[in-house]
Amino acid sequence: MANFKEEIEKRRTFAVIAHPDGGKTTLTEKLLLFGGAIQVAGAVKSNKIKKSTTSDFMEIEKQRGISVATSVMGFNYRDCNINILDTPGHKDFAEDTYRTLTAVDSVIVVMDVAKGVEEQTKKLVEVCRMRDTPVIVFINKMDREGKDGFDLLDEIEDKLKLTTCPLSWPIGMGQTFKGVYNLYQKQLNLFSPNTKYGNILGFNDINSSELEKHIGDDAAEILREEVETIEGVYPSFDKEKYLTGKLSPVFFGSAVNNFGVKELLDCFIEIAPSPVNFKTEERVIDPYEDKFSGFVFKIHANMDPRHRDRIAFLRVCSGTFQRNTNYLHVRKDKKIKFSNPTTFMASKKEVVENAYPGDIVGLYDSGNFKIGDTLTEGEILHFKGIPSFSPEQFKYIENADPMKSKQLAKGIRQLMDEGVAQLFTKNTNNRKIIGTVGQLQFEVLQYRLKHEYGASCRYEPINLHKACWITSQNETKLSEFIRKKANYMAKDKEGRDVYLAESRWMLESAQTDYPELEFHFTSEF
Ligand code: GDP
């Protein structure tokens, strides 16, 4: 089985996350260029919906096409098999990103040096922290004026609650950007916008007078002072701490200039985890177990509405997944096999015979899968860590074509399984409420119901602040709450109790009045 072990050890499965425009697409592309997975810049299309205010559905459809192609970008670098899982840039599809983060072993966060920590980054890193996912930070756009390095580290610690450890340090920025000093490898990397990767020099002793020759007197003095501060104030790199999400290495560079990217990648393959353990409700799964297990973290509908099939993205968690082999679909308690499972090498899809832990396999599906579904060789397992998050926007959904109510019900059910939005059904009158993170999700749902199911829907406003799942050890109190708040109670699609709070004040007073109840803001508790 040495082979199996080696296959696992050489895998690195991760996501690049950023606030829109931070440089995620650019960095991803440079990583793929290093891996030889693409030959020219511009091959990776920005996974972004640019027109966010108008209902430009062609744009949404195009976007869906791009994001199937770039959902997973596999490439080889040195002796590693790297899988980058793409995440939608648009904030309205943040839930897709949250789910993708449950399928990776580590994350690279890209940040614009001028902007620092932005809203979307904050939310995504919170999700990483929930699972102690190891995080590396790349501060991008050093060729522009931006914030001071130390201020940025403070901001990261403060807003992202990450303990940082700079592994490279910038020498100037913007007009005066001279390069970075790589504290990890003790190298000086000199920047010039025209060279391919910068000019890398071994540099063990920054007190040597050679430094002045390369970067000038002033910059040399500042660098020595700053490095001294870093060594005095910041923890030194500790791989164990990084792997448990307790320490985040920070790099500086400029993705568009391909500067600092190679150091990032070289360090990444050295320190980033190979496939890690996964938690299930029953037990912890070790990737090195010989029996196969995996779960579906994303479902993508086919672009072509004439074919109803979809692609379910499965993360292999243990053992070897094999083509044409029967596996147990745990929720449905039935055996299924796959004749055309695919892997994704850069933007190519290929039929795969064997897939190993860390790999993402695309399974053609005609409606068998929901997000979170598990496949095993027979064991009953339910993977944890694929929560739904409390939505932020709500609307009633109504049938606009009485002749098509069956189609509507089916469409809503399947699209909810795909994770397009969340559905709540009110206890008192069975009215259906759609919950989302952003307006575009409502539009996508309406459009897809029409085009894929021939059903029409209409939205009506509802005034809600938050939906949260409630549980309690105290059955009597729980029933009392549900009875008293009947008008504000609903069930989610799994039949769990959800409290719909009209305002922050109502939520807070419910929490105060019912200390016996637990109010959950994610569906996993
Ligand atoms: P994403 O939204 O995070 O995927 O960001 P993109 O990769 O699309 O980058 C957003 C913009 O920033 C694009 O115009 C890039 O050309 C630009 N950009 C990316 N990296 C750098 C950099 O290192 N320096 C500068 N000046 N611009 C950059």
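Which residues does Ile412 touch, not counting residues up to four places away in sequence? The first legend answers this; every view is taken from a predicted model.

**Figure 1. Surroundings of Ile412 in helix 11.** Ile412 touches Ile397, Leu423 and Leu449, with residues up to four places away in sequence not counted. The helix that holds Ile412 spans residues 405-417. Ile412 has a relative accessible area of 4% and is therefore classed as buried, the cut-off being under 20%. Leu445 is 33 residues from Ile412 in sequence, and their C-alpha atoms are 8.2 Å apart in space.

**Figure 2. Residues around the ligand.** The ligand is surrounded by 16 residues, of which Asp21, Lys24, Thr25, Thr26 and Ser254 come nearest. By class, seven residues of this shell are polar, six are charged and three are nonpolar. Helix 2 (residues 24-34) supplies three residues, the largest share of the shell.

**Figure 3. Polar contacts of the ligand with Asp21, Lys141 and Val256.** A polar backbone atom of Asp21 is 2.6 Å from an oxygen atom of the ligand. At Lys141 a polar side-chain atom is involved, 3.1 Å from a ligand oxygen atom. For Val256, a backbone N or O atom lies 3.4 Å from an oxygen atom of the ligand. The ligand taken alone exposes 580 Å², and the protein buries 79% of that area.

**Figure 4. Asp112 in strand 4.** The strand covers residues 106-112. With a relative accessible area of 7%, Asp112 is buried, because buried means under 20%. The Asp112 side chain reaches the backbone nitrogen of Ala114 at 2.8 Å. Leaving aside neighbours within four places in sequence, Asp112 is in contact with Gly22, Asn140 and Lys141. One of these, Lys141, also has a polar side-chain atom 3.1 Å from a ligand oxygen atom.

**Figure 5. Burial of helix 4.** Helix 4, residues 94-101, is mostly covered, with seven of its eight residues buried. The buried residues are Ala94, Glu95, Thr97, Tyr98, Arg99, Thr100 and Leu101.

**Figure 6. Burial of helix 10.** Helix 10 runs over residues 261-271; nine of its eleven residues are buried, so the helix is largely enclosed by the rest of the structure. Buried here are Val261, Glu263, Leu264, Leu265, Asp266, Cys267, Phe268, Ile269 and Ile271.

Key. Residues are numbered from 1 along each chain as its sequence is written. This is a predicted model: local features need pLDDT of at least 70, side-chain atom pairs count only at pLDDT 80 or more; totals for chains, interfaces and linings use all residues. Side-chain values use heavy atoms; hydrogens and water are left out. A residue is near a molecule or strand if one of its heavy atoms lies within 4 Å of it. A polar contact is a pair of N or O atoms within 3.5 Å; within protein, one must be able to donate a hydrogen and the other to accept it, and residues adjacent in sequence count only if both atoms are side-chain atoms. Accessible areas come from the Shrake-Rupley method with a 1.4 Å probe; for residues, only the protein chains shown count as cover. Helices (H or I, at least four residues) and strands (E, at least two) are DSSP runs, numbered from the N terminus. Ala, Val, Leu, Ile, Met, Phe, Trp, Tyr, Cys and Pro count as nonpolar, Asp, Glu, Lys and Arg as charged, and the others, Gly among them, as polar. Buried means under 20% relative accessible area, exposed over 50%, partly exposed in between (1.4 Å probe, protein chains only). Contact means heavy atoms within 4.5 Å.
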